[in-house]
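Hi,

Here is the structure I promised to pass on. Have a look first, and my notes follow underneath.

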Amino acid sequence: MAGAKTAVEWLASVAPDPGACRRTWERDPLGVALLPAGKAWDVLILPGDLGCPTLDVLTRVLDQPGPVLADFGDDRVGFFVPPGTAARWLGTGIRTAGPGTWIVVPYPGRASRGVRWLVAPDGSGTLTDPGLLELAMHEAVVGPPAGGGSG
């Protein structure tokens, strides 16, 4: 699958040793890699009860949101956003991963232990716009308009 190969190259490019990262994934197809945030992307980590509805909103308004990870049970959902976002993000209950932090990342397109892609990277470098993510979070909290009646 060409898309997965390109995605692997894109993800592995941030690893201290990209070749070793790719070999680890190839040897253990159900495995994961530990990759540094803050180089090609930061990650905003939302509680699952906010992250899943936020992703639903994003997928209604975007053809292709950036990569999104979820842990086992969807307790936490991580949105890949541009580097520098973590340092500027002000949001209660939202964890950030930027420079100096590492993220557990599964091989694109394969099931893994403990973490999975909700939106796998396609290798193009597409990331979720943090402003749009914030708007989607607000909409997810408020929910869809009720009834649409006039006053």
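Starting with the cysteines: a search of the whole structure turns up zero disulfides. Bear in mind that this is a predicted model. Two cysteines are worth a glance anyway. Cys21 is buried, at 8% relative accessible area, while Cys52 comes out as partly exposed, with 24% relative accessibility. The cut-off for buried is under 20%, so Cys52 at 24% misses it.

Most of my time went on helix H5, residues 130–142. Does its length add up, and what should its 13 residues span at 1.5 Å a residue? The expected figure is 18 Å, and the end C-alpha atoms are indeed 18 Å apart, so the two agree.

Which residues of H5 are buried? They are Pro130, Leu133, Ala136, Met137 and Ala140. Looking down the axis of H5, you'll see these buried residues fall within an arc of 115 degrees, so they line one face of the helix. As for what they pack against, the partners are strand E2 (42–47), helix H3 (48–61), strand E4 (76–81) and helix H4 (85–88). Turn H5 around and the face away from its buried side carries Leu135 and Val142, both exposed.

The two ends of H5 deserve a look too. At the N-terminal end, Asp129 acts as the cap, with a side-chain oxygen 3.0 Å from the backbone nitrogen of Gly131. Just after the helix comes Gly143, which takes a positive phi of about 85 degrees.

Shout if anything looks odd on your side.

Cheers

Technical notes:
Residues numbered from 1 in each chain as written. Predicted model: local features only at pLDDT ≥ 70, side-chain atom pairs only at ≥ 80, totals over all residues. Heavy atoms only, no water. Helix = DSSP H or I, 4+ residues; strand = E, 2+ residues; numbered from the N terminus. Expected span 1.5 Å × (residues − 1). Buried < 20%, exposed > 50% of the residue type's maximum accessible area, 1.4 Å probe, protein only. Arc of directions from axis to C-beta. Contact = heavy atoms within 4.5 Å. Polar contact = N/O pair within 3.5 Å; in protein donor to acceptor, adjacent residues only side chain to side chain. Disulfide = S-S within 2.5 Å.
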